[in-house]
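Work through the exercises below with the structure open. Try each task before you read its solution.

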Amino acid sequence: MFKIISLLIIAINLFAVDLVNIYRQQGISGVEKELEKSLKDINYWKSYLENKNVDLGYYETKKYVLLTQKEQLEISLYEKVQDDYKLILRNNIIVGEASGDKIFEGDKKTPEGAYELIEKKLQLDQFYGPLALVTNYPNTFDKSLNKNGSGIWIHGMPFNGDREKFTRGCIALDNNELVNLENSIDYTKTILLTSQDEFKKATKDEIALILSFIYKWKDAWKYSDINEYLSFYSKDFKRADRSDFNLFKEQKTRIFAKNETKTINLWNIDIAPYPNSLNKRMFKILMDEEYLSPTVKFYGKKELFLEIINNQVQILTED
């Protein structure tokens, strides 16, 4: 019932087709197909985003964005307030001793990218201050590039001894500022964006392109259109286990050949710009997925790492 109501709400805003006649002739499935056409239309999303600020990304679940710019040695906290972002605080930070993107354990570099905060640690060694917020480095994309290391935190300063000049890869700030930051957020609804230099803002055209892409990709997946589906993937695609596009193609071709009837629903879509050292225009997508077929039932998270090249979207890796 909720799904039907949601679809009809979208329909009210479209005014483009006679949905009543479609419903009379084809039922709710016909209405759904007609609405999904609009969800694949970039112009629909451009209209939808017209009055929304997407500089820091598009988020249906995240409430806070932590933006770290390593060269500027600063961290900024933004709160998503309706269709805009409000700057809550900005603090000086310390980052890894070595410049550049983190590649391996012990290189003393702070990662670049978009990361979830997955845990708050208390009662730490005094060296880390009052608390630490743990990131999910290495994420799926990092692993696909064979990056390693762990323990990348946002933490404080030592209670005893002089303030350090660098970290071993973490992000550190003064203890009172760290406590103020942590008190200002729900870390489970926060995304951390880390860039080497000035952060490149997202545009409405980019976000609209990605949203329409997601629904085109889902449609090819749902209807087992293997050629269309694979066209959405980069030939440089790799999974976290480093398996490549050719193996992925073989696996999906075998699965799609069954031509099973599938239900695929995606919601709670979060789209984060993905700063990186590869000179790519990248985004990280995290969303809830429901996948139902005669052989598989899945409810969980779907994560995609995308690149935009010449106004085309390609999936670099997924989880």
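**Exercise 1.** Find which residues have the most contacts inside the largest nonpolar core.

*Solution.* Start with the core itself: it has 40 residues. Now look for the best-connected ones. They are Ile207, Ile214, Trp217, Tyr229, Tyr233, Ile271 and Ile285. Keep in mind that this is a predicted model.

**Exercise 2.** Which helices and strands each supply at least two residues of this core?

*Solution.* Take the helices: α3 (42-48), α6 (204-222), α7 (226-230) and α8 (245-256). Then take the strands: β10 (263-274), β11 (282-292), β12 (297-309) and β13 (312-318). The largest share comes from α6, with 11 residues.

**Exercise 3.** List what Trp217 touches, leaving out residues up to four places away in sequence.

*Solution.* Count heavy atoms within 4.5 Å as a contact. Trp217 then meets Tyr229, Phe232, Tyr233, Leu266 and Met287. Lys302, Leu304, Ile315 and Glu318 complete the list.

**Exercise 4.** Locate another core, apart from the largest one.

*Solution.* This core has 19 residues. Leu56, Tyr59, Tyr274 and Met282 are among them. In soluble globular proteins, nonpolar side chains tend to be buried together.

**Exercise 5.** Is the protein as compact as a globular protein of its length, and why?

*Solution.* First, survey the fold: eight helices and 13 strands. Next, take the radius of gyration, 22 Å. The globule rule gives 20 Å for 319 residues. The two values are close, so the protein is as compact as a globular protein of that length. Finally, check burial: 51% of the 319 residues are buried.

Methods
Residues numbered from 1 in each chain as written. Predicted model: local features only at pLDDT ≥ 70, side-chain atom pairs only at ≥ 80, totals over all residues. Heavy atoms only, no water. Helix = DSSP H or I, 4+ residues; strand = E, 2+ residues; numbered from the N terminus. Rg over C-alpha atoms; globule rule 2.2 N^0.38 Å. Buried < 20%, exposed > 50% of the residue type's maximum accessible area, 1.4 Å probe, protein only. Core = buried A, V, L, I, M, F, W, Y, C linked by side-chain atoms within 4.5 Å.
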